[in-house]
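Here is a short report on how two chains meet. Look at the structure first, then read on.

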2 protein chains.
Amino acid sequence: MAEEKATYKNSGVDLSIYATSMEKLPGIVAKTFTPRVMRLDGGFAGLFSLNGKISEDGPAKKYTDPVLVSCTDGVGTKIKIACAANRHDTVGIDLVAMSVNDAICCGAAPLFFLDYVAMPKDNPTLLERIVSGIAEGCKSGGAALIGGETAILPDMYNEGEYDLAGFCVGVAERSEIIDGKAIRENDILIGVASNGFHSNGYSLIRKAVFEMGGLSVATPLPEFENKTVADILLRPTSIYVRTVLTLLEKFKANDGIRGIAHITGGGLAENLGRILPNGLTAQIDENSWPVPPAFRWVQRLGNIDEDEMHRVFNMGIGLVLVVKPELELQVRETLLGQKRENWVLGKIVRG
Amino acid sequence: MAEEKATYKNSGVDLSIYATSMEKLPGIVAKTFTPRVMRLDGGFAGLFSLNGKISEDGPAKKYTDPVLVSCTDGVGTKIKIACAANRHDTVGIDLVAMSVNDAICCGAAPLFFLDYVAMPKDNPTLLERIVSGIAEGCKSGGAALIGGETAILPDMYNEGEYDLAGFCVGVAERSEIIDGKAIRENDILIGVASNGFHSNGYSLIRKAVFEMGGLSVATPLPEFENKTVADILLRPTSIYVRTVLTLLEKFKANDGIRGIAHITGGGLAENLGRILPNGLTAQIDENSWPVPPAFRWVQRLGNIDEDEMHRVFNMGIGLVLVVKPELELQVRETLLGQKRENWVLGKIVRG
């Protein structure tokens with residue numbers, strides 16, 4: 001018998017499968033490209049021209065004093081639910097949403113996105129499904145998917161699982177950066193509906209639903225028209241980019257729209273608190289919006305305290321806008337025009 | 001006995017430990033800041049002014065037609081060796097190196113970096129060590145560490161392990177982007193020394209050294225002056241940013257320095273191939289540089305074919321410069337001035 005030889009393949013990394021994976025991606029990715037993407041064949045870098053036409057039929061843009069706004073995030077253990085349900089085409093939307101929603105809170109229009117996918121062994125079909133979701137999210141967020149890394153990491157992930165990280169760069173003129181400093185007493189807080197849990201608190205959800213509730217991803221739920229647990233838990237994170245860009249065009253950054261908070265881990269209080277200037281606080285009526293039934297369902301299964309719910313989940317509010325009082329009705333009308341359900345949550349007070 | 005209540009904490013995510021982690025990081029991160037970083041307290045976004053002073057005592061920069069160059073990468077299963085050796089202060093250098101070295105190959109000066117750290121439970125001490133390495137890499141690569149995400153993902157990683165992803169954005173004027181199109185017949189290939197395995201091929205290394213060789217990270221190696229296996233395998237990836245920026249300042253992009261390849265997975269042939277225009281090929285003499293003993297040691301332990309070695313590892317060459325023939329000596333002299341050992345590997349020929 002011949003002596004064993006170590007190869008990259010028999011140590012778990014098959015470069016020929018990797019090449020197959022890489023063949024499928026360019027077509028998916030190209031659909032997200034905007035005129036400012038510079039194609040560079042064969043390189044590892046994504047090139048993006050800051051000046052140039054924003055879209056094929058859009059105006060050219062040239063910045064005077066550009067500020068780059070960059071964000072990174074993952075999807076958390078929502079991925080474990082995608083894996084259990086073998087449904088991989090939406091976590092990519094979540095991945096993009098988590099970063100572009102943070103960028104837009106500064107008033108920055110997303111330019112491009114890069115993804116990092118780590119899996120224990122190469123799987124071209126799985127990768128294609130994940131990247132399709134990322135590309136869908138990128139289109140929705142107006143970000144070109146100009147780069148990414150697929151890391152094959154044997155022995156680091158459980159069979160059939162993977163992890164995702166995303167990275168977004170946006171841009172705004174310096175004068176249009178929203179940093180909360182324009183927020184004033186009596187400004188109105190408008191909450192925009194979330195699409196369920198988005199991508200936070202999934203370790204708590206999994207404990208409540210699977211461990212304590214004894215349910216599986218395939219369990220049909222009579223209280224939700226027999227949708228399955230996976231249907232409820234995998235609803236993708238809303239992408240608020242177009243909504244916010246429309247508002248900023250109409251009501252101007254800092255003048256009309258004075259603050260924007262993406263409600264993620266930490267809930268409404270913590271995420272809104274981050275953008276408020278010293279000396280001001282948010283007076284919120286917790287009965288001003290209807291908490292969606294899915295949150296109550298998880299709360300019941302896990303016997304979770306109300307405070308803990310508000311500390312971990314968005315409770316139905318995915319984005320909060322801090323708005324000049326005179327604009328309340330116009331902003332709400334614009335939101336409804338964008339099919340964004342919304343509520344006045346309260347206002348800014350001293351304290 | 002009271003009925004069990006699910007909390008974020010008892011589902012594996014302790015926000016108070018998380019807060020402790022987050023307290024230590026700003027001090028480490030601030031050391032990487034350049035004058036163009038805009039501080040935004042409390043937000044999730046990193047803000048970077050494209051125009052402005054490059055360094056405290058440097059000139060102001062304003063771009064005419066800026067191209068953003070972005071790269072992402074991880075460290076692969078080199079992390080498993082860091083974990084086995086409980087030595088976490090160098091994988092961050094690797095993380096930065098993998099991305100900034102790709103950016104600089106396009107002629108782009110790194111501007112900023114963001115990191116994604118995923119771990120099964122929060123560990124402020126471990127996180128601090130990892131981020132210290134990332135900050136060290138950023139300083140060496142001239143990139144401000146302006147953002148990051150620490151994801152606590154119970155049940156997704158093995159106890160004591162973690163994963164890292166990094167994202168870098170650099171910039172160059174459009175006319176200074178190096179895309180290989182300036183490469184001509186007879187251009188000289190200069191190879192710059194690597195610092196060992198860098199961050200590629202670690203699944204193969206682990207099979208050879210641990211599985212077939214039966215060694216552990218702590219095994220002292222007489223052939224390497226009794227350095228341990230971890231000492232040899234955790235040498236951090238070289239960061240070539242300053243070296244390349246010095247060369248570009250002196251010899252100009254595309255005129256003198258016509259192509260740059262970062263030698264990563266795929267080895268010399270594949271990575272150099274990526275940047276060559278159609279009709280040209282690299283004629284390389286494989287005896288033109290000394291393969292470092294560490295590569296031969298891994299090869300021996302794993303009984304790895306010579307071809308496989310060259311297909312997976314950098315074999316001692318971390319960066320290849322494609323240079324105008326007349327500049328060979330000057331470029332090599334400049335490299336030596338930067339303490340970069342280098343060799344003429346061959347030249348560009350038709351084919």
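What follows covers the interface, its symmetry and a shared sheet.

This is a predicted model: local features need pLDDT of at least 70, side-chain atom pairs count only at pLDDT 80 or more, and totals for chains, interfaces and linings use all residues. Residues are numbered from 1 along each chain as its sequence is written, chains are lettered from A and ligands numbered from 1 in the order in which they are written, and side-chain values use heavy atoms, with hydrogens and water left out.

**The interface**

Chain A brings 84 residues to the contact, and chain B brings 83 residues. Contact means heavy atoms within 4.5 Å. Together the chains bury about 6,800 Å², 58% of it on carbon and sulfur atoms. Buried area is the accessible area (1.4 Å probe) that two parts lose on being put together, summed over both. On the chain A side, Phe44(A), Leu68(A) and Met156(A) lose the most area to chain B, together 11% of what that side buries.

The rule finds six salt bridges across the interface of chain A and chain B. A salt bridge is a side-chain nitrogen of Lys or Arg within 4 Å of a carboxyl oxygen of Asp or Glu. Lys207(A) and Glu4(B) form a salt bridge through their side chains, at 3.1 Å from N to O.

The side of chain A that touches chain B divides by class as follows.

| Class | Residues on the chain A side |
|---|---|
| Nonpolar (Ala, Val, Leu, Ile, Met, Phe, Trp, Tyr, Cys and Pro) | 38 residues |
| Polar (the others, Gly among them) | 23 residues |
| Charged (Asp, Glu, Lys and Arg) | 23 residues |

**The symmetry**

A turn of 180 degrees and a shift of 0.0 Å along the axis lay chain A on chain B with an RMSD of 0.0 Å. Copies are superposed by least squares on the C-alpha atoms of residues with pLDDT of at least 70 in both. The two copies are thus related as by a two-fold rotation axis. In chain A, the C-alpha nearest the axis belongs to Tyr157(A), 3.1 Å from it. Of the interface residues of chain A, 99% are also interface residues in chain B, so the copies meet through the same surface.

**The shared sheet**

Six strands form an open sheet with mixed pairing, in the order β1(A)-β2(A)-β5(B)-β8(B)-β6(B)-β7(B). Strands (E, at least two residues) are DSSP runs, numbered from the N terminus, and two strands pair if DSSP finds at least two bridges between them. β2(A) pairs with β5(B) in the antiparallel sense over four bridges. There, Leu47(A) stands opposite Val69(B). Within chain B, nine bridges join β6(B) to β8(B), and these strands run antiparallel. Phe112(B) stands opposite Val169(B) in β8(B).
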